[in-house]
Amino acid sequence: MIDWISFVIVLVASLVGASIVVSSYALGIRLLTIGGRTPVVAPAEFTDAITVISPEEAARAAKRAAKAARKSPLTDGRKRAAVVGAWACFAVSGLAVLYGIYLIVPALHGG
């Protein structure tokens with residue numbers, strides 16, 4: 001017999017947990033961008049399955065990010081606060097993942 005209440009509890013808990021991780025990470029990326037530290041990833045060589053941007057496209061993206069950082073209306077204090085907030089969001093996201101691992105692995109909590 002299926003315990004549907006337990007099934008619904010697990011469903012809701014997984015949706016809430018995923019929402020917390022994804023939302024805090026996305027907010028952290030947004031705050032990093034607001035703070036003028038846009039993450040630019042250098043192109044890498046992959047197999048034919050993945051399209052890779054050229055070095056020229058990466059240079060243009062870095063130039064656009066630098067231009068956007070210069071045009072920011074925020075003061076230096078607000079930019080620093082945005083970066084600190086970004087790292088706090090990343091910490092929340094990481095702690096949520098670690099807590100999920102703690103709950104899954106029974107040896108960690110004696111279950």
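These questions and answers deal with the nonpolar core and the aromatic pairs of a predicted model.

Me: Which element gives the most residues to the largest nonpolar core?
Reply: The largest nonpolar core has 7 residues: L31, L32, A82, V83, A86, C89 and F90. Two elements give two or more residues to this core, namely α1 (4-34) and α3 (76-104). With 5 residues, the one that gives the most is α3.

Me: Which residues of α3 are buried?
Reply: Buried means under 20% relative accessible area. F90, for example, has 16% relative accessibility, so F90 counts as buried. The full set in α3 is K79, A82, V83, A86, C89, F90 and S93.

Me: What span does α3 reach from its first C-alpha to its last?
Reply: The helix α3 has 29 residues. At 1.5 Å a residue, the expected value is 42 Å. The model comes close to this, and α3 reaches 42 Å.

Me: Leaving aside neighbours within four places in sequence, which residues is V83 in contact with?
Reply: V83 belongs to the largest nonpolar core, and so do L31 and L32. Once the neighbours within four places in sequence are set aside, V83 is in contact with L31, L32, G35 and R37.

Me: Is the pair of Y25 and F90 stacked, edge-to-face or tilted?
Reply: The structure holds 4 aromatic pairs. In the pair of Y25 and F90, the ring centres are 5.3 Å apart and the planes are at 45°. Planes under 30 degrees apart count as stacked and over 60 as edge-to-face. The angle of 45° fits neither, so the pair is tilted.

Me: How many residues apart in sequence are the parts that Y25 and F90 tie together?
Reply: Y25 lies in helix α1, whereas F90 lies in helix α3. The pair therefore ties together parts whose separation in sequence is 65 residues.

Me: Is W87 buried or exposed?
Reply: A residue counts as exposed when its relative accessible area is over 50%. W87 has 54% relative accessibility, so W87 counts as exposed.

Me: Which residues form one aromatic cluster?
Reply: F90 pairs with Y25. F90 also forms an edge-to-face pair with W87, at 5.3 Å centre to centre and 75° between the planes. W87 and F90 both lie in helix α3, 3 residues apart, about one turn of the helix. The one aromatic cluster is formed by Y25, W87 and F90.

Conventions: Residues are numbered from 1 along each chain as its sequence is written. This is a predicted model: local features need pLDDT of at least 70, side-chain atom pairs count only at pLDDT 80 or more; totals for chains, interfaces and linings use all residues. Side-chain values use heavy atoms; hydrogens and water are left out. A nonpolar core is a set of buried Ala, Val, Leu, Ile, Met, Phe, Trp, Tyr and Cys residues joined through side-chain atoms within 4.5 Å. Buried means under 20% relative accessible area, exposed over 50%, partly exposed in between (1.4 Å probe, protein chains only). Helices (H or I, at least four residues) and strands (E, at least two) are DSSP runs, numbered from the N terminus. Contact means heavy atoms within 4.5 Å. The expected span of a helix is 1.5 Å times one less than its number of residues. Rings of Phe, Tyr and Trp (its six-membered ring) pair if their centres lie within 6.5 Å; planes under 30 degrees apart count as stacked, over 60 as edge-to-face and the rest as tilted.
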